[in-house]
Amino acid sequence: MRKPKRYRFNPGTLSYEPETVSAARHLGRGALVIVLSLLVFVFYVLSSATWLDMDLPKTRMLKMRNAAWQSRFELLSKRMEACEASLEDMAMRDDQVYRVLFGLGEIPAALRESGIAGVNRYSALDEKNPGLGAETRELDRLLKKAVIQSRSFDEVEHVSTRAGEIAQRIPAICPLSTAEGNFRYTSSFGYRIDPVRGTRGDRHTGIDLACSPGTPVFAPGDGVVTMAQKYYGYGNFMVIDHGFGYQTRYGHLSGFNAKAGDRVKRGDCVAFSGNSGRSTGPHLHYEVLFRGTPVNPVGFFDMEMPVEDYMSVVREPESRPNTSKKGGRRR
């Protein structure tokens, strides 16, 4: 269908003539329509976002992306909590089981948390996305703890390859022969009445075994003699370092069969019982220390061990000290 023509009155000719529209005018009108349409669209979008509380398309897209990242952060946070619990469990078993078993000291809590405190290096991340710096810091902390735990396990693995040596060093036999009548218990580990003053004394850090002066004292495990000399209260005093956290101490001796620096084997005669120092009678004062803390020596040897088995382990000394003096009641 043809578009109808438009006519315009011409005063000069007093007649109606067909109206002609130039191409430029057509373009101008089209451009005006386009501009007005864009203005109406912008007005609609702005009014919708302002008055109807609707998001702009780009804002909506950014919010969707942000929600997706928040979900990932929440999942990461839960996984880090699970990793934290696993690391805490491993650290507990490491300190209380593995490292104790092989005579290794606990790893200090300050070392496990080293490098975490101090200047917040993640503040820039928090400025861009609140919470991101904290999550990154927590992840960094867990990674450092995992590295420290891994090194600890490497140390335990290395020491475990020497398990046979450890077994030989643990003070596992009685320092005196288990032959019947060779000695008797006279004071146990723990608090007791002071035998000299007759009052409640300090904690007794070992056990006392009453025996005849000059009774051979045998090393209960392999080790190195670190002290063999007079020591206040203990008289003639000897210390053997067995390694892996173990030490044994011997007091009130009448003489030594080894000197400081000597390496001894389980069953070697290292000294002889006596009545030296602050004592009320001939006996052996025997202590076992683990990582510097006295423990009950009775838990380390078996009194039911047959005498023949015990004698097959120990080596009698070639000579004994002169013990002609009478000994009285032991301390």
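These exercises work through aromatic pairs, a helix and a histidine in a predicted model.

**Exercise 1. Classify the pair of Tyr246 and Phe300, and say which parts it ties together.**

Step 1. Start with the search: the whole structure holds eight aromatic pairs. Tyr246 and Phe300 form one of them, with 6.1 Å centre to centre and 80° between the planes.
Step 2. Planes over 60 degrees apart count as edge-to-face, so this pair is edge-to-face.
Step 3. Place the residues. Tyr246 lies in strand 10 (residues 246-256). Phe300 lies in the loop between strand 14 (293-295) and helix 7 (307-313). The pair therefore ties together parts that are 54 residues apart in sequence.
Step 4. Check exposure. Tyr246 is buried, at 10% relative accessible area. Phe300 is partly exposed, at 22%.

**Exercise 2. Do the same for Tyr250 and Tyr286.**

Step 1. The centres are 5.5 Å apart and the planes make an angle of 35°.
Step 2. An angle that is neither under 30 nor over 60 degrees counts as tilted. The pair is tilted.
Step 3. Tyr250 belongs to strand 10, and Tyr286 to strand 13 (residues 283-290). These parts are 36 residues apart in sequence, so the pair ties them together.
Step 4. Tyr250 has 0% relative accessibility and is buried. Tyr286 is also buried, at 0%.

**Exercise 3. Compare the expected span of helix 2 with the distance between its end C-alpha atoms, then locate its bend.**

Step 1. Helix 2 covers residues 57-101, which is 45 residues.
Step 2. The expected span is 1.5 Å times one less than the number of residues. That gives 66 Å.
Step 3. The end C-alpha atoms are 64 Å apart, which agrees with the expected span.
Step 4. The helix bends by about 45° at Asp94.
Step 5. Look at burial. Asp94 is among the buried residues of helix 2, which include Phe73, Met80, Glu84, Leu87 and Ala91.
Step 6. Recall the geometry: an α-helix has 3.6 residues a turn, so residues three or four places apart point the same way.

**Exercise 4. Find what the side chain of His283 contacts, and state whether His283 is buried or exposed.**

Step 1. His283 is in strand 13.
Step 2. Its relative accessibility is 0%, so His283 is buried.
Step 3. The side chains of His283 and Ser279 share a polar contact of 3.4 Å.
Step 4. The His283 side chain also reaches the backbone oxygen of Gly281, at 2.9 Å.

**Exercise 5. Which ring lies under the charged end of Arg72?**

Step 1. The ring is that of Trp69.
Step 2. The charged end of Arg72 is 4.6 Å from the ring centre.

Definitions and conventions
Residues are numbered from 1 along each chain as its sequence is written. This is a predicted model: local features need pLDDT of at least 70, side-chain atom pairs count only at pLDDT 80 or more; totals for chains, interfaces and linings use all residues. Side-chain values use heavy atoms; hydrogens and water are left out. Rings of Phe, Tyr and Trp (its six-membered ring) pair if their centres lie within 6.5 Å; planes under 30 degrees apart count as stacked, over 60 as edge-to-face and the rest as tilted. Helices (H or I, at least four residues) and strands (E, at least two) are DSSP runs, numbered from the N terminus. Buried means under 20% relative accessible area, exposed over 50%, partly exposed in between (1.4 Å probe, protein chains only). A charge sits over a ring if NZ of Lys or CZ of Arg is within 6 Å of the ring centre and within 35 degrees of the ring normal. The bend at a residue is the angle between axes fitted to the seven residues ending there and the seven starting there. A polar contact is a pair of N or O atoms within 3.5 Å; within protein, one must be able to donate a hydrogen and the other to accept it, and residues adjacent in sequence count only if both atoms are side-chain atoms.
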